[in-house]
Amino acid sequence: MAVFTEVSFDEASALLQDLKLGQLQELRGIQGGIENTNYFATTDQGEYVLTLFERLSFEQLPFYLHLMKHLALQGIPVPDPAANRDGDILHRLKDKPAAVVNRLRGKSELSPTPAHCAAVGGMLARMHLAGQDYSRRQPNLRGLAWWNETVPLVLPHIDAEQAALLRSELAYQNHVAASSAYTALPRGPIHADLFRDNVMFDGPADAPELSGFFDFYFAGIDTWLFDLAVCLNDWCIHLATGGTDLERSAAFVQAYASVRPLTAAERELLPALLRAGALRFWISRLWDFHLPREASMLQPHDPTHFERVLRLRVLHPLHMADLEMAPA
């Protein structure tokens, strides 16, 4: 959500009018995130988000945009890409791929309670089930293959202790991925980046309503358990230390399992996939921090946060039995 490509008011206005979304009244860049160029666009018809894609190609993007359409049609609260008169939802602006979606109501909850975690857990399970019959296929582009390619690029920028951890954990995850239990994990479209700032809540503080999941541009076909692990590593930890909040973790997983019960393989591999989720974001944050791109308003995330999370997931593995016995 940084601004890599400057879009003028007139350029945005022309696209919004082509999409029959009204007269543009205000356009402002969105700060945060590091992947795409994003603007809030206010017209006389409503609030929208204009995205120019800086890394994803015209060939890759239909998977994400049509997935959002598919989920929206099945009642999952996600942004709905706007189509032009020919029915196209992928557009071109400044010679880059672009999309316009409705802006979700509400705001992100950056200090979630167990109730927030339960709401996200239940909706995540609904989203996984709703995506089962989605016909397009694209792998998780930030999955194991990308980790194997990227680790050699970041190793020269970290100290010997960090490099040892990175190498050993990558070897462990390659071993897990080759196991029969991993092969048995249920799969489908996953969000893969459903952090606190990618979910909206609306309504009073004592009765918040989950109003949407957004930013699907890391989505791909992968194990549902990986999606769950990514969420647990953000929604259900203490940000200051990286340690597990057992009450929030139990609320999240129990709500998820009430919609889609976990399989035996998922129960077995939860500790390993929690490590995988931490590794994925440690690698990507090292990459963004040490090998950054130029961007207006770009603020790379601190890589050491997910290093701490990974170390704690290795030292103190979280098992399904821990979550089932904990009060939710």
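**Strand pairing, a buried helix and a pocket in the predicted model**

Strand β2, which spans residues 37-43, runs antiparallel to β3 and is joined to β3 by six bridges. The structure described here is a predicted model. The connection between β2 and β3 is a hairpin of three residues, and within this pairing F40 has V49 of β3 as its bridge partner. Strand β3, comprising residues 47-52, also pairs in the antiparallel sense with β5, residues 96-102, over five bridges, and in that pairing T51 stands opposite A99 of β5. Most of β3 is covered, given that five of its six residues are buried.

Helix α3, formed by residues 114-130, contains 17 residues and extends 24 Å from its first C-alpha to its last, a span close to the 24 Å expected at 1.5 Å a residue. The buried residues of this helix are H116, C117, V120, G121, G122, M123, L124, A125, M127, H128 and A130. These buried residues of α3 pack against helical elements and strands alike, namely α2 (61-73), α7 (224-235) and α8 (246-259) together with β6 (187-190), β7 (199-202) and β8 (209-213).

The second largest pocket has a volume of about 200 Å³. Its lining comprises 15 residues, of which G143, L144, W147, Y182 and D222 are the closest to the centre of the pocket. Two or more residues of the lining are given by each of the elements α4 (144-154), α5 (160-177), β9 (220-223) and α9 (264-290), and the largest share, three residues, comes from α5. When the lining of the second largest pocket is divided by class, ten residues are nonpolar, three are polar and two are charged.

Towards the start of the chain, F4 is located in the segment before α1, the helix formed by residues 9-18. The relative accessibility of F4 is 19%, and F4 therefore counts as buried, since the cut-off for this class is under 20% relative accessible area. Between the C-alpha atoms of F4 and G75, which lie 71 residues apart along the chain, the separation is 33 Å.

Methods
Residues are numbered from 1 along each chain as its sequence is written. This is a predicted model: local features need pLDDT of at least 70, side-chain atom pairs count only at pLDDT 80 or more; totals for chains, interfaces and linings use all residues. Side-chain values use heavy atoms; hydrogens and water are left out. Helices (H or I, at least four residues) and strands (E, at least two) are DSSP runs, numbered from the N terminus. Buried means under 20% relative accessible area, exposed over 50%, partly exposed in between (1.4 Å probe, protein chains only). Two strands pair if DSSP finds at least two bridges between them. On a 1 Å grid over the protein atoms alone, a cavity is a set of points where a 1.4 Å probe fits but cannot get out, and a pocket is an open set with protein on both sides within 12 Å along at least five of seven lines; lining residues have an atom within 4 Å of a point. Grid points are joined across faces, edges and corners, and a volume is the space filled by probe spheres set on the points. Ala, Val, Leu, Ile, Met, Phe, Trp, Tyr, Cys and Pro count as nonpolar, Asp, Glu, Lys and Arg as charged, and the others, Gly among them, as polar. The expected span of a helix is 1.5 Å times one less than its number of residues. Contact means heavy atoms within 4.5 Å.
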